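Reader: Mind walking me through the charged pairs in this one? Let's pull up the model first.

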Amino acid sequence: MALRLQNVCCRYGGDGPVQVTAVQDINLEIQQGELVGLAGHTGSGKSTLAQLICGLIAADGGEIWLNDLCLTARKKPKAALLAQNVGMVFQYPEHQLFAETVERELAYGPENLGWPADKIKEAINGLAARLGLPADLLQNSPYQLSGGEKRKVALASVLIMQPPVLVLDEPFVGLDAVARQDFLHFLLNWQRENNSTIICISHDIDLLASFCQRLLVLQGGRLRLDAPAREAFRQAELLEECGVRLPLARAAVLACQARGWHISPEGLDALTLAEAAAAIRAAKTSKAGDNLGR
């Protein structure tokens, strides 16, 4: 499913003296199956843009399209139709949990779409198993769960609808390193199986660099950068201006280069620690060879 934004803007505060433009003149197109990172300093408009894409707030100008579904039309799409096309997992999962039990939480969307009970039960059990949620936990209140479990339940409540577009707002906050990797592994498997689009907002630049194919950077509500990830992270000055740091991997190889190490062009594009380590090893080997040849 293609997502298209044309001259989109959003303001808070109405026509009063404290009016704030959160998003301004956004133009972009995201194709089905893309993995997109959305970065920017706090207050840059990332969460506002995400909520606009999900139809949770109204734009003050421009158009937003999900294929032939217009989210900015005068006659707004019904909630059930939106839920089948785009889903959002919020930064704080407890903000979107409301049911008495985990099972009721996961069943809410499918029930409102008229799914048969056996299909709902099968979908719930399948998702719970894949996310590592024990069967007996389904009867617990979602408010009694740990932070990581709440995040899994919030994600499952969205994924059960199989949305072609999934928007994640800081999905890895509060998770330890192992839990982050497990969570990411699940998301990427789900994305491949369904050829879905994932738009991920995160301040964890290293994590975005590890899996996103494309990077969008906002500053002051404007889209300052839209490029493939490796190309985007070459623009260090622009990223710094926007309050976005380089991935540690790229910073490490650049530091080695600054100290006179001969890092290959491919090595300078390192985005993961494994890539950086390989580039530094190659440079070290080359340097040792040069010393022996003298």
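Reader: Are R214 and E34 buried or exposed?

Author: First, the ground rules: this is a predicted model, where local features need pLDDT of at least 70, side-chain atom pairs count only at pLDDT 80 or more, and totals for chains, interfaces and linings use all residues. Residues are numbered from 1 along each chain as its sequence is written, and side-chain values use heavy atoms, with hydrogens and water left out. Buried means under 20% relative accessible area, exposed over 50%, and partly exposed in between (1.4 Å probe, protein chains only). By that yardstick, both R214 and E34 are buried.

Reader: OK, and how far apart are N and O in the salt bridge of R214 and E34?

Author: A salt bridge here is a side-chain nitrogen of Lys or Arg within 4 Å of a carboxyl oxygen of Asp or Glu. The side chains of R214 and E34 meet in one, with an N to O distance of 3.1 Å.

Reader: What about R222 and D25, which class of accessibility do they get?

Author: That pair forms a salt bridge too, its closest N and O atoms being 3.5 Å apart. R222 has 37% relative accessibility, so the class is partly exposed. D25 is at 42%, so this residue also counts as partly exposed.

Reader: And D269 with R234, which of them is buried?

Author: Their salt bridge has its closest N and O atoms 2.8 Å apart. R234 has a relative accessible area of 44%, so R234 is partly exposed. At 14%, the buried one is D269.

Reader: How many salt bridges does the structure hold?

Author: We've met a few, including R222 with D25. The structure's count is 10.
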